[in-house]
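Q: Please take a close look at one helix of this model and at its surroundings. A connected account of its helix partners and of any enclosed space beside it would be welcome.

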Amino acid sequence: MAGRIAVVGGGILGLAVARRLGQVDPSAAVTVFEKEQDIARHQTGRNSGVVHAGLYYTPGSLKATLCRRGVGLLREYVAKHNIRYDECGKVVVAIDDTEIDRLKEIARRAEANGVPRCAWLDGDGLRAIEPHARGVAALHSPTTAIVDYPAVCRALRADVLDAGGTVRTGAEIVGIDEKPDGVWLRVRVRGTAPVAPNGHHPDGDSAAAKARLREVTEQVGPFDMLVSCAGLQSDQVARLTGEDPSPRIIPFRGDYWLLRPERRDLVRGLIYPVPDPRYPFLGIHLTKRVDGEVLVGPNAVLATAREGYTVGTVKGADLRETLAWPGMRKLARTHWKTGAKEILRTASKRAFVAEARRYVPELSVADVVRGPAGVRAQAVDRDGGLVDDFVLAQHGRVLHVRNAPSPGATASLAIAEYIVAKLVPETEPQSDSTA
């Protein structure tokens, strides 16, 4: 495999792939291109930090197999790098008898996927684990955990650099040309000179610095292979190589509220609802984080920009593309009632908290303050279907990750193994002990 390899995307998956490439072939020259001025600025750095055990996923799917493999690899990796990791456990709560059958299906999938030590709880058993939660039954997953994903990314970057690779930040891919000698990239960088490898742009992110900078486009290459792990921009990068526009990434913003410090004792670990099987979203839940904060959320509302983390962030080009996609129009016609409820929760703190109070009745509007927001890259096909499983597309020298939603961060080290094994077929998954 020895040669030059480009990886697009400085989130957890792109960095995991770059690290794995260096492990498999130390002589390969691996370069990661990230358009932001630092790594993990979007989905990786804006999620709840949960390490999913594999409860929900269809047995035999990529999500199921790579999540279970990924949990073990991630646990081993963070232990080796002294990164915060807490097996605080999770309960999935049925609030009435109408949800029991769906909860039983989750329990069946958990068993089929090999999730260890799951237990069915009655109402008293639930309160023994989460004293402030209420429900008629629950599924307890004691090995579901929380972790500091940005710290994982910083460690992965260090691994890439230690192996002789390069991580270029502030470097956006705006063109991809496949030529006889390899893959050439058109890279837009901010500044009057190429962005320095392996670090931030020397002028930083201040408003004054941005005002001094101008954009420069470079031709970089040739590369023997290209792996795109572009997250919210994955379909855009795929189109640069002539890939099918389907599935299209439709951005859904998820807003969070935070429990006030004096009310964090309402939650010991993770309290989740029984999800609606029609959607890949897990519903508003209560999530402890490794920094001690407790998140309430998220909702799932259409974002008006791919990187639109506030209600007022609108990017016309992104919004026009979203609304023009045939699958989006079909999705809206089919699920408009659910969409209206999500919009209500966005507009009303009281409505948002009321949803979480179904599981923790003591929770009140006064107990929460505004928290962070994230944007989920939801792949939607032409027919309006919400693409659920991981999706890869490979043609020649180029491999695109077209869909890697939750549990993508949990599974990242296993997805990296899977991708590199496709590029180098003789590679077999192995222990992460070389980390």
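A: The account below follows one helix, its two helix contacts and a neighbouring cavity.

The model is predicted, so local features need pLDDT of at least 70 and side-chain atom pairs count only at pLDDT 80 or more, while totals for chains, interfaces and linings use all residues. Residues are numbered from 1 along each chain as its sequence is written, and side-chain values use heavy atoms, with hydrogens and water left out.

The helix in question is H2, residues 62-80. Helices are DSSP runs of H or I with at least four residues, numbered from the N terminus. The axes of H2 and helix H12 (residues 412-423) come within 6 Å and cross at roughly 115 degrees. Here an axis is a line fitted to C-alpha atoms over the stretch in contact, and angles run from 0 to 180 degrees between N-to-C directions. H2 is therefore roughly perpendicular to H12, a term that covers 65 to 115 degrees.

On the H2 side, Leu62, Leu66, Arg69, Gly70, Leu73, Leu74 and Tyr77 take part, and they meet Leu413, Ala414, Ile415, Glu417 and Tyr418 of H12. Contact means heavy atoms within 4.5 Å. By class, this contact of H2 with H12 has nine nonpolar, one polar and two charged residues. Ala, Val, Leu, Ile, Met, Phe, Trp, Tyr, Cys and Pro count as nonpolar, Asp, Glu, Lys and Arg as charged, and the others, Gly among them, as polar.

H2 also meets helix H5 (residues 149-162), with axes that come within 11 Å and cross at roughly 75 degrees. H2 and H5 are therefore roughly perpendicular to each other. Leu74, Tyr77 and Val78 of H2 make this contact with Tyr149, Val152, Ala155, Leu156 and Asp159 of H5. The classes here are seven nonpolar, no polar and one charged residues.

There remains the enclosed space. A search of the whole structure finds two cavities of 30 Å³ or more. A cavity is a set of points, on a 1 Å grid over the protein atoms alone, where a 1.4 Å probe fits but cannot get out; lining residues have an atom within 4 Å of a point. The second largest cavity has a volume of about 40 Å³, volume being the space filled by probe spheres set on the points. Its lining consists of Leu62, Leu66, Phe390, Leu392, Val401, Ile415 and Tyr418. H2 and H12 each supply at least two residues of that lining. By class, the lining has seven nonpolar, no polar and no charged residues.

Methods
Parallel < 35°, antiparallel > 145°, perpendicular 65-115°, else oblique. 1 Å grid on protein atoms, 1.4 Å probe; cavity = no way out; pocket = protein on both sides within 12 Å on 5 of 7 lines; lining within 4 Å.
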